[in-house]
2 protein chains.
Amino acid sequence: QMPRGNLETVHHRALVLAQVRKWLDCLQFKEAFECMRKLRINLNLIYDHNPKVFLENVETFIKQIDSVSFINLFLTELKEEDYTKTMYPPLESTNVCELHDSAGKKVNLICDAMRTAMENISTTKYCLSILTSHVKKSPPELETALQRIRKLREQTPITAGSVSAEEALKYLLYLVDVNELYDHSLGTYDFDLVIMVAEKSQKDPKEYLPFLNKLKKMENNYQRYSIDKYLKRYSKALHHLSKCGPEHFSEFLNLVVDQNLFNEALKLYLPDSQEYKTVSYAYGEHLIQKHLPEQAGLIFFRCGAFERALGAFLINGNWQLALTAAGELCYTEDKLANLARSMAGKFVEKRKYTDAAILLEQYAKDYEEAILLLLEGTTWDEALRLIYKYNRTDILETNFRPSLLEVQKNHLAFLETQKAAFSCHQKRLSVVRELKQQARNEMLDLELPNCPESDLFSDASSMVTASDASSKYTHSNSRISARSSKNRRKAERKKHSLKEGSPLEDVALLEVLGEIVRSIDNLKGEIHSLLKHLVLFGYDGRAQELQQAFEETLRLVEQSLLEIWTPDLQQIPANSILGPNSTANSISAAYNQQKTMAPASQDPEFFIPPKLNKSIQWKLNLLQ
Amino acid sequence: QMPRGNLETVHHRALVLAQVRKWLDCLQFKEAFECMRKLRINLNLIYDHNPKVFLENVETFIKQIDSVSFINLFLTELKEEDYTKTMYPPLESTNVCELHDSAGKKVNLICDAMRTAMENISTTKYCLSILTSHVKKSPPELETALQRIRKLREQTPITAGSVSAEEALKYLLYLVDVNELYDHSLGTYDFDLVIMVAEKSQKDPKEYLPFLNKLKKMENNYQRYSIDKYLKRYSKALHHLSKCGPEHFSEFLNLVVDQNLFNEALKLYLPDSQEYKTVSYAYGEHLIQKHLPEQAGLIFFRCGAFERALGAFLINGNWQLALTAAGELCYTEDKLANLARSMAGKFVEKRKYTDAAILLEQYAKDYEEAILLLLEGTTWDEALRLIYKYNRTDILETNFRPSLLEVQKNHLAFLETQKAAFSCHQKRLSVVRELKQQARNEMLDLELPNCPESDLFSDASSMVTASDASSKYTHSNSRISARSSKNRRKAERKKHSLKEGSPLEDVALLEVLGEIVRSIDNLKGEIHSLLKHLVLFGYDGRAQELQQAFEETLRLVEQSLLEIWTPDLQQIPANSILGPNSTANSISAAYNQQKTMAPASQDPEFFIPPKLNKSIQWKLNLLQ
């Protein structure tokens with residue numbers, strides 16, 4: 001609202017702004033400032049109009065204004081916002097050099113420049129403005145402001161025109177909340193300052209004086225710690241407390257644990273001190289509770305708590321570091337063997353047979369069991385090596401050959417089920433696609449492009465039922481059951497529903513087909529190794545059978561790739577749409593069609609055929 | 001061309017075909033046949049019109065036709081082609097049950113059915129037609145035909161209406177080339193038959209009689225072998241030769257090697273026979289020459305040629321099987337140690353430090369060297385384990401700590417170069433995209449949608465030059481040089497040119513950016529392990545530095561993913577194009593734009609952002 005009254009004070013804003021800009025360009029800050037103040041134009045414009053020029057002429061600005069209260073007015077009105085971009089956009093875009101890079105730092109920049117200038121001219125005169133410039137910064141420099149006030153008090157002979165400490169403090173309290181100022185005064189550890197502020201506050205001296213007296217009696221570091229803790233400045237508190245000697249260490253440790261300051265605490269002591277070890281120990285416990293046993297193990301190990309480190313590495317399953325800890329503990333061979341056996345047992349549960357075998361071979365010296373575990377993990381090469389290393393060729397007949405034959409059988413069965421599942425899902429996919437195509441055609445006939453397509457499928461019948469598909473997944477075989485249970489868990493994690501008629505059933509089918517393709521492709525290395533060892537032991541027929549079955553499965557998959565992952569899933573067949581006879585309608589229709597062909601999904605990788613690993617030469621020529 | 005002359009013989013073909021079909025439907029084969037023969041309608045139609053009906057009534061057909069020469073005519077005219085689909089399509093599609101599943105087997109099917117029927121009626125009468133049915137099959141059953149002729153000759157009392165062997169042979173020679181028939185007669189191992197054919201041929205008796213006489217004098221199996229070899233039937237030849245006893249074994253072996261018949265040859269002998277071993281040995285040599293040393297090793301091993309097997313496995317680098325062969329050879333510890341050392345040396349060249357370390361530790365008992373190799377391969381856990389297993393904690397100070405620090409430095413340098421390359425390519429990508437957008441706008445303005453865009457870029461300048469980018473790739477560091485040389489080789493394999501202005505430069509940039517992202521993402525495991533061991537040995541500062549640098553690099557990459565792999569690279573932003581105001585032109589223009597946005601490529605994976613492995617918790621909480 002404009003000031004009412006004399007008509008001659010009514011001005012056209014655009015004209016006024018133009019005039020203000022002109023004044024600013026000529027560095028006539030006084031004219032500009034007074035006009036802006038009178039007409040309530042935001043003072044930020046003085047800077048925003050041309051930041052570079054303003055910063056270069058801060059002293060001129062101050063000298064022209066020549067008023068503490070006006071400068072305070074200017075400083076308190078400062079905001080990060082660029083007013084030439086929001087409230088006062090220039091009429092034509094001028095080539096003002098851009099200094100807006102320092103985004104979010106405008107106010108601090110001006111405050112610092114103004115303070116430097118004012119200090120050059122007269123610290124005494126601009127005392128209150130300098131305080132304002134400290135307070136306006138973010139974060140506010142309240143402690144510096146308080147220090148300045150304390151200095152004022154020390155300059156007892158008051159010169160003409162200077163402000164008393166009393167007055168300055170009063171002004172500061174007008175700008176800042178008294179409790180906040182009290183806390184910051186405490187933070188300077190300067191009790192004179194604290195009392196000065198406290199006296200100005202509404203606080204009860206019976207309350208703060210005993211507290212301050214108690215603090216005053218303390219040893220210097222402990223006093224500072226107490227203040228820091230009161231102010232919740234825990235890092236500083238920790239630092240001061242660490243200097244208070246061993247009698248305060250338990251207090252130190254409590255603070256570390258309560259405030260989770262382990263890393264800071266460790267930096268305050270030498271690695272071979274007892275305190276370092278105690279903090280480390282507490283840190284390790286903390287990390288174990290946070291379910292980070294490996295990192296706990298590292299901390300324990302570093303501080304020499306090897307027993308605890310061993311335990312932590314065991315929880316984590318890092319057997320090499322566990323053995324390292326055991327080495328530091330000078331375990332006897334027997335004790336090492338027991339440790340190895342117990343770790344091996346856990347690895348067997350997790351089907352990590354190779355690690356388990358190394359433990360049993362090298363630490364428990366149980367060669368036979370090690371070899372049997374390698375066979376369980378179908379690590380034929382390594383099993384053979386140990387058999388010959390330890391002269392246990394008897395195991396070739398008792399276990400190696402039977403294992404080979406069993407695994408060959410399992411692989412054949414697995415390939416069979418995967419092939420069946422693949423064909424079943426592939427058939428269903430073409431049914432779903434045909435249904436969608438039909439629905440699309442009907443939609444186009446009806447010219448109702450926004451009709452929700454999903455409803456059209458909900459009761460669509462099909463040739464293959466879901467139970468058909470899932471029943472073929474069940475493996476009778478124990479050795480492969482781990483893989484299948486992993487598949488099952490994977491299936492549960494699937495994002496799209498395979499349920500018949502679900503709106504994204506085709507995406508779900510693509511997903512599961514992709515998984516089958518990958519699971520088959522991943523077998524190449526394993527089957528190659530198995531084929532080699534079947535041949536080595538003369539089972540050429542079995543090898544041939546497996547090679548043939550795998551080859552057929554791969555051929556089936558490869559032949560279907562292009563049919564399942566049709567090229568139009570991935571890109572736009574532009575030519576077919578934009579012919580010479582195309583109309584807006586025909587193009588739009590084709591577009592909608594594509595939209596439904598490749599339903600928008602956040603997982604575009606489903607629409608890309610899985611890449612088969614062609615670099616593995618899994619086939620044995622001698623079986624062809 | 002129709003027969004000229006009497007006008008009444010001119011028929012309308014469609015009418016005739018309709019009549020023929022009617023006759024065939026009523027099983028009036030004779031009427032149909034004569035009409036077709038006169039009017040030169042292809043006789044295949046008799047079958048093709050309704051295959052099922054024809055096959056069920058073959059005897060009726062033969063009895064109605066009742067003429068050897070007509071039946072021969074019918075048989076010789078048979079072709080795999082379905083004439084109802086090509087030459088004589090039916091007027092309306094009738095529901096003739098489809099029997100065309102047996103694609104490519106039509107002629108054989110008819111020949112067999114006809115022969116069975118003719119044999120039922122009269123083998124004597126239809127002798128020549130039966131011969132025809134053998135010859136028409138594919139492949140022709142010439143030997144069976146010849147056997148039939150020989151049988152004829154044996155039935156010396158010639159019954160009325162029967163054909164003499166002489167006549168039959170003459171007829172056969174009319175159907176088949178005499179030399180082919182001669183070869184096939186040899187293949188029956190029946191010299192009477194051979195001479196019978198030879199006499200009919202133009203062959204010089206002075207030529208073939210000595211050959212036949214020589215054969216006649218041979219032992220039975222050797223004779224058959226000689227004939228098979230002459231006829232180039234090598235598998236059969238091998239089979240017969242294997243029965244000729246040990247004096248012919250060298251001949252056998254030559255045949256096996258010459259004709260690459262190793263697999264067949266091995267099946268002819270028992271695995272523990274000397275012959276089996278000799279063939280295996282030759283097979284192994286052959287496989288080595290074919291650069292399949294591992295399979296050669298398997299063959300050598302199987303036949304007990306362990307020295308050769310060891311050599312083959314060494315070429316292949318399969319150290320476990322090489323040691324297995326050494327085990328069979330009962331190597332002494334010294335010899336095993338030497339073998340292990342030499343294999344380890346090769347693995348070090350290939351940077352396979354873990355394998356090399358196992359060899360040195362377990363066979364050469366050189367624990368120190370094994371540990372140093374593990375350090376070289378940055379396998380910290382395993383190195384620590386061996387240090388404690390063999391009580392060599394001195395290595396911690398001499399090598400372990402220095403290695404940790406060096407690798408930390410290398411990683412920092414590598415991250416720096418990758419970051420620089422990433423930023424450089426990313427900047428260039430946005431330049432290229434902008435240029436393409438400009439070109440596209442110009443193109444649309446000109447309404448010349450077919451103008452080849454690539455020319456517009458060929459001399460486009462840019463902020464970043466290619467040499468800038470490549471110079472930043474060079475690593476000064478030896479430890480990472482293996483990785484970088486791998487990158488270099490990869491770069492050479494790139495499909496798209498990174499050269500500035502090349503038409504698919506943006507795709508090339510996407511490719512190389514994707515590779516950098518993956519190479520950084522792949523470091524997670526390695527860096528996690530390094531961080532752990534830095535902390536374990538108290539290098540918290542170094543660990544912190546690395547963790548921070550890696551975190552920053554990952555953040556940089558992650559933040560840029562969406563900017564580089566914009567969603568419109570992968571799918572069609574349909575809404576923006578098909579608004580209510582769209583016209584054929586605007587849609588078409590938008591379409592063309594998309595075409596250039598995502599240039600058609602056979603590698604859609606470039607357009608999909610690389611997936612970062614979020615499952616690895618590489619960061620150490622205790623460093624935060």
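I take a nonpolar core to be a set of buried Ala, Val, Leu, Ile, Met, Phe, Trp, Tyr and Cys residues joined through side-chain atoms within 4.5 Å. I apply that to a predicted model, whose predictor gives the complex an ipTM of 0.73 and a pTM of 0.73.

**Confidence**

Before anything else I looked up the pLDDT of chain A, which averages 82, with 81% of the residues scoring at least 70. I marked residues 571-582 of chain A, where pLDDT stays under 50 and the model has 18 contacts beyond four places in sequence. I also marked residues 593-601 of chain A, again with pLDDT under 50 throughout, for which there are 24 such contacts.

**Cores**

I then searched for nonpolar cores and found that the largest has 222 residues, with A:Phe400 and B:Phe400 making the most contacts inside it. Listing what A:Phe400 touches, and leaving out residues up to four places away in sequence, I obtained A:Leu375, A:Trp380, A:Ala383, A:Leu384, A:Ile387, A:Ile395, A:His533 and A:Phe537. Apart from that core I noted another, of 35 residues, which includes B:Ile41, B:Leu43, B:Phe74 and B:Tyr126.

**Aromatic rings**

My count of aromatic pairs over all chains came to 42. I looked at A:Tyr171 and A:Tyr174, whose ring centres are 6.1 Å apart and whose planes stand at 40°, so I entered the pair as tilted. Both belong to helix α10 (residues 165-175) of chain A and, being 3 residues apart there, are separated by about one helical turn. Their surroundings I recorded separately: A:Tyr171 is buried, at a relative accessible area of 13%, whereas A:Tyr174 is exposed, at 67%.

In chain B I looked up B:Phe301 and B:Phe306, an edge-to-face pair with 5.0 Å from centre to centre and 80° between the planes; both of these residues are buried. Back in chain A, I traced a cluster in which ring pairs link A:Phe29, A:Phe33, A:Tyr47, A:Phe54, A:Phe61, A:Phe70 and A:Phe74.

I also checked for charges over rings, and found A:Lys335 over the face of A:Tyr331, at 4.5 Å from the ring centre. A second entry joins the two chains, with A:Lys389 lying over the face of B:Tyr363 at 5.5 Å from the ring centre.

**Cysteines**

My search for disulfides over all chains returned 0. I followed up B:Cys330, whose sulfur has its closest cysteine sulfur in B:Cys303, 17 Å away and therefore too far for a bond. B:Cys330 is exposed, with a relative accessible area of 63%, while B:Cys424 counts as buried at 7%.

**Backbone**

I looked for cis peptide bonds and noted one joining A:Ser138 and A:Pro139, with omega about -5°; A:Pro139 sits in the loop between α8 (127-136) and α9 (142-154) of chain A. In chain B a cis peptide bond joins B:Ser138 and B:Pro139, where omega is about -5°, and B:Pro139 is in the loop between α8 (127-136) and α9 (142-154) of that chain.

Turning to phi, I recorded A:Lys365 near 55°, a positive value in a residue other than glycine. A:Lys365 lies in the loop between α23 (353-362) and α24 (367-376) of chain A, and is partly exposed, with a relative accessible area of 46%. I recorded B:Thr378 as well, a residue other than glycine with a positive phi near 50°, which I located in the loop between α24 (367-376) and α25 (380-389) of chain B. At 18% relative accessibility, I entered B:Thr378 as buried, because the cut-off for that class is under 20%.

Technical notes: Residues are numbered from 1 along each chain as its sequence is written. Chains are lettered from A and ligands numbered from 1 in the order in which they are written. Side-chain values use heavy atoms; hydrogens and water are left out. pLDDT is the predictor's confidence in each residue, from 0 to 100. Contact means heavy atoms within 4.5 Å. Buried means under 20% relative accessible area, exposed over 50%, partly exposed in between (1.4 Å probe, protein chains only). Rings of Phe, Tyr and Trp (its six-membered ring) pair if their centres lie within 6.5 Å; planes under 30 degrees apart count as stacked, over 60 as edge-to-face and the rest as tilted. Helices (H or I, at least four residues) and strands (E, at least two) are DSSP runs, numbered from the N terminus. A charge sits over a ring if NZ of Lys or CZ of Arg is within 6 Å of the ring centre and within 35 degrees of the ring normal. A disulfide is a pair of cysteine sulfur atoms within 2.5 Å.
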